[in-house]
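Here are my notes on the model you sent round. Have it open while you read.

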Amino acid sequence: MITLEMTDRVTLVTGAGGGIGGGIANVFAQAGAKVYAADLEWEDAQATAAPLLSEGFAVEAVELDVTRKDRIAALVERIVEKDGKIDHLINSAGIMVSKPYMETTDDEFRKILEVNLVGVNNCCQAVLKQMIPRRQGKIVNVLSASSRMGSDFFSHYSASKFGLMGLTQSIGLAAARHNINVNGICPGVVITRLGEKQGGRLIQQMARYSGKDEALLQENVRKSIPLRRFQSGEDIGHTALFLCSDLAANITCQAINVCGGMRMN
Ligand SMILES: NC(=O)c1ccc[n+]([C@@H]2O[C@H](COP(=O)([O-])OP(=O)(O)OC[C@H]3O[C@@H](n4cnc5c(N)ncnc54)[C@H](O)[C@@H]3O)[C@@H](O)[C@H]2O)c1
């Protein structure tokens, strides 16, 4: 029987308090997995977990800073103690700074790399330590359409996501000999709070710097997408679910665009 059911599987989602991570947690919980919804902001993780819990799905909200290796190791240990394993790691935690290239500071660049690149590496290494002896596991990293094309308005974010593409391929090669699949997903545009804490969301910042109307700009961005619609967190979750399923057993070191046709490479 062909199935995407994830009963008895254990899934750790980082950035699960966000728009995309929340959508991913939602999809895996509904597929039957036990989901650990991890986020820097416990209240946001809880906001993802609470409605799912009330519907009877197995979700636990956890506070996690992906830049803290000690905290990651402690969480992995706790999950393994409780559930015996981690089957899937989905790295969705990320931050973005959008402003003209010459205005971006060194500190902003370092912080983006620390969360988007080093943070993912921290989680991959910690979880692989328990996946490798079992010769079983799937990792999915949330990359970006900006992993494929540079930008002068979110240049350092783009650099972090290009780096994450290379890291995903490299970890995929290292993990392949242990029967573990590592892939990436490149979302196009999902309307979330991404960037809000770093000065403003992308379209908000575009409006601010250009003096154009934000709603009009958002509509123009939507119309520039071949399928004429933004992606949702669940769109990304569905692709992650496929990549973590047996149907994708022969797929590794790949990056899949989920962008309504915005990118074709
Ligand atoms: N929204 C988009 O259009 C889009 C497009 C392509 C890729 N992405 C990527 O998708 C991922 C999720 O973004 P989103 O749109 O859901 O944004 P979001 O801001 O809604 O979610 C990101 C989450 O990551 C969490 N986070 C930030 N720093 C963290 C840390 N140090 N440790 C743990 N959690 C941390 C935040 O608290 C937040 O809940 C990011 O990696 C982003 O780069 C987003």
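The points below go from the whole chain to a few local spots.

1. Basics. This is a predicted model, where local features need pLDDT of at least 70, side-chain atom pairs count only at pLDDT 80 or more, and totals for chains, interfaces and linings use all residues. Residues are numbered from 1 along each chain as its sequence is written, and side-chain values use heavy atoms, with hydrogens and water left out.

2. Overall fold. The chain has 8 helices and 7 strands, taken as DSSP runs (helices H or I, at least four residues; strands E, at least two) numbered from the N terminus. Its radius of gyration is 18 Å, close to the 18 Å from the globule rule for 265 residues, so the chain is as compact as a globular protein of that length. (The radius is over C-alpha atoms; the rule is 2.2 Å times the number of residues to the power 0.38.)

3. Helix α1. Residues 19–30 make up α1, and 10 of its 12 residues are buried (under 20% relative accessible area, 1.4 Å probe, protein chains only). Among them are I20, I24, V27 and F28. Just after α1, G32 has a positive phi of about 105 degrees.

4. Helix α4. How far does α4 reach from its first C-alpha to its last? The 26 residues of α4 (106–131) cover 36 Å, close to the expected 38 Å, which is 1.5 Å times one less than the number of residues. There is also a bend of about 35 degrees at V118, the angle between axes fitted to the seven residues ending there and the seven starting there.

How values were computed
Buried < 20%, exposed > 50% of the residue type's maximum accessible area, 1.4 Å probe, protein only.
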